[in-house]
Amino acid sequence: MEISKKREKPVPVKKELVPGVVLGLPSLGKDYEGEAHENRFHMRAPSVAEVEFFAELTPENYENSLTEILRALIASPQIDPSMLTDGDRTFLYLWVRAQIHPSYHLTVTCRMCGKVHPEYPYQISSIPLKPVPAGYEGPKTLTLPISGEKASFRMRRGADEDAVSVLKEAGVKKFTAVNCVTLHRVGDETFERDPFAKAEWFRSLAVGDAMHVHELNKWLQHGPEFSACPFVCPTCNRESKFVLPFRPEFFFPTVPFRGVFGDAVDGSDPESGVGGSEHEGAGGDGDSEVPVVEDASV
Ligand SMILES: [Zn+2]
């Protein structure tokens, strides 16, 4: 039979063809509205076309491309990726990565018996998640201990990274820049639009009050804990933890990419993960897993 290059009728291409899933987020949705606030976050599973796009990530384009993939896959509600909390955004990157290729090959050294396991296929779903602390229900109001002023703060978002960069370029010191951007409201006034106004306010604080804000920002940290990945050694069967390096190459096909899509690209192995992470994060136990919480149609 001869195959016609002419389409007889158009193939329907609709987002609805790929079913959606509902995820629970490490932020528990507390800074979002609608269903997301109830910690029901809708994502669409990646299509073949998106997997192909993913396979073309390079060190030069990955940051924007990952954001675009997230933008395409966030099904409902329409939350812009830059408005996701830091912890949720990282979680969703991992989720997308796990949909396409659920394991990450790296060298893991057992802390108990010293055995080196090269090319160990670590399951992304085993990366622990730290949820936002119980008691956070949306922007948190503090009464500053020295000034007595009331100010509220929210979790850190993707867009705050840009604000921090702008502030630092303008000469604002790092401690002020990273701690002021989560300011939501002082008294009755909302400060979301102007990072310079936030920085000015923060710099006017007594040092004791500023440290109080710093502690709150630390308390609000949530998301995947790359520094505390559980590992059961295949040699000695004992449990330990290791640091998974969350570097850009985590997403690249040059990391041996043994999925069904595309060819495995020859490339250097990812460096040993043990102790090599630049990711800062407190250790601790998480008990959630990365992928899907429940199925649902979108
Ligand atoms: Zn061992």
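Trainee: How many helices and strands does the secondary structure of the protein come to?
Mentor: Good place to start! This is a predicted model, where local features need pLDDT of at least 70, side-chain atom pairs count only at pLDDT 80 or more, and totals for chains, interfaces and linings use all residues. Residues are numbered from 1 along each chain as its sequence is written. Helices (H or I, at least four residues) and strands (E, at least two) are DSSP runs, numbered from the N terminus. The protein comes to eight helices and 14 strands.

Trainee: Over which residues does pLDDT stay under 50?
Mentor: pLDDT is the predictor's confidence in each residue, from 0 to 100. The protein averages 81, with 78% of the residues scoring at least 70. Where pLDDT is low, the predicted coordinates should not be read in detail. The stretch under 50 is residues 255–298.

Trainee: Which strands stand at the edges of the open four-stranded sheet?
Mentor: Two strands pair if DSSP finds at least two bridges between them. The order is β7-β8-β9-β10, with antiparallel pairing. Each edge strand has a single partner, so one side of it lacks a neighbour in the sheet; these are β7 (140–143) and β10 (189–190).

Trainee: And which residue in β10 stands opposite Val186?
Mentor: Strand β9 (residues 183–186) is joined to β10 by two bridges, and they run antiparallel. Opposite Val186 you will find Glu189.

Trainee: Which residues of helix α7 are buried?
Mentor: Buried means that 20 or more other C-beta atoms lie within 10 Å of a residue's own, with C-beta atoms placed from the backbone. In α7 (residues 195–203), these are Pro195, Lys198, Ala199 and Phe202.

Definitions and conventions:
Contact = placed C-beta atoms within 7 Å. Buried ≥ 20, exposed ≤ 12 C-beta atoms within 10 Å, placed from the backbone.
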